Amino acid sequence: ILLHGAQIGDISPIFGLKKLKQIDLSRSTVDAIRGISTLKNLFSLSLSGTRVSEISSLVDCNSLEFLDLENTLVADVSPLLMIGKYSNKFGHDLQLK
């Protein structure tokens, strides 16, 4: 789903799309991704240029392999490192941009 540059504050309506694999929220007005963990098939997420500052809700997104955090307010990526899958893959298969 492409929401690049969208004037959107609440992304919860897409949480019902259980088979969703890719979301591009880059340069949108999104500032929070709470609840995104319901998207178990999420493979790629771009948050570039958003006001998102907290990513702990990605902890249960076990299918995630690409995450773009460039130009966000995220200062702490440790929630990704706490997950066994990511701790083995960080810097290898999980592409963190």
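User: Leaving aside its neighbours within four places in sequence, which residues is Asp24 in contact with?

Analyst: In this predicted model, Asp24 is in contact with Ile1, Leu2, Leu3, His4 and Ser46, once the neighbours within four places in sequence are set aside. Asp24 itself belongs to strand 1, which covers residues 22-24.

User: What makes you say whether or not Asp24 has a salt bridge?

Analyst: A salt bridge requires a side-chain nitrogen of Lys or Arg within 4 Å of a carboxyl oxygen of Asp or Glu. For Asp24 the nearest side chain of opposite charge is that of Arg27, at 8.6 Å. Set against the 4 Å limit, that distance leads to the conclusion that Asp24, although buried, has no salt bridge.

User: Which side chain does the side chain of Asp24 make a polar contact with, and why is it called a polar contact?

Analyst: The partner is the side chain of Ser26, and the distance is 2.5 Å. A pair of N or O atoms counts as a polar contact within 3.5 Å, provided that one can donate a hydrogen and the other accept it, and the 2.5 Å between the side chains of Ser26 and Asp24 is listed as such a contact.

User: Why is Ser26 called buried or exposed?

Analyst: The relative accessible area of Ser26 is 7%, and because buried means under 20%, Ser26 is called buried. Ser26 sits in the loop between strand 1 and strand 2, where, apart from neighbours within four places in sequence, its contacts are Leu3, His4, Gly5, Ser46, Leu47, Ser48 and Thr50. Ser46 and His4, both in that list, are also in contact with Asp24.

User: Arg27 lies in the loop between strand 1 and strand 2 too; what makes its class, buried or exposed, clear?

Analyst: Arg27 has a relative accessible area of 61%, and since exposed means over 50%, Arg27 is classed as exposed. Its phi is near 55°, which is a positive value in a residue other than glycine.

User: Why is a positive phi in a residue other than glycine worth pointing out?

Analyst: The reason is that most residues other than glycine have a negative phi. Asn71, which is not a glycine, also has a positive phi, of about 55°. Asn71 is placed in the loop between strand 3 and helix 1 (78-81), and because its relative accessibility is 61%, against an exposed class that begins over 50%, Asn71 counts as exposed.

User: How do you know which class of accessibility Asp76 falls into?

Analyst: Asp76, in the loop between strand 3 and helix 1, has a relative accessible area of 43%. Buried is under 20% and exposed is over 50%, so Asp76 is placed in between, as partly exposed. The side chain of Asp76 makes a polar contact of 2.6 Å with the side chain of Ser78, and the C-alpha atoms of Asp76 and Glu54, which are 22 residues apart along the chain, are separated by 7.5 Å.

User: Where is Ser56 placed, and why is it called partly exposed?

Analyst: Ser56 is in the loop between strand 2 (44-46) and strand 3 (66-68). Its relative accessibility of 35% is neither under 20% nor over 50%, and therefore Ser56 counts as partly exposed. From the C-alpha atom of Ser56 to that of Ile36 the separation is 9.9 Å, with their positions 20 residues apart along the chain.

User: What makes Gly9 buried or exposed?

Analyst: Gly9, in the segment before strand 1, has a relative accessible area of 52%, so Gly9 is exposed, the cut-off being over 50%. Not counting residues up to four places away in sequence, Gly9 touches Thr29 and Asp31; the C-alpha atoms of Gly9 and Thr29 are 5.9 Å apart, although 20 residues separate them along the chain.

User: Which residues of the largest nonpolar core touch the most other members?

Analyst: Of the 23 residues in that core, they are Ile23, Ile33, Ile36, Leu45 and Leu58. Leu45, leaving aside neighbours within four places in sequence, has contacts that include Ile23, Ile36 and Leu58, together with Phe66 and Leu67. In soluble globular proteins, nonpolar side chains tend to be buried together.

User: How many helices and strands are there in the protein chain?

Analyst: The protein chain has 2 helices and 4 strands, running β-β-β-α-α-β from the N terminus on. Of its 97 residues, 41% count as buried.

Terms used:
Residues are numbered from 1 along each chain as its sequence is written. This is a predicted model: local features need pLDDT of at least 70, side-chain atom pairs count only at pLDDT 80 or more; totals for chains, interfaces and linings use all residues. Side-chain values use heavy atoms; hydrogens and water are left out. Buried means under 20% relative accessible area, exposed over 50%, partly exposed in between (1.4 Å probe, protein chains only). Lys and Arg count as positive and Asp and Glu as negative; His and the chain ends are not counted. Contact means heavy atoms within 4.5 Å. A nonpolar core is a set of buried Ala, Val, Leu, Ile, Met, Phe, Trp, Tyr and Cys residues joined through side-chain atoms within 4.5 Å.
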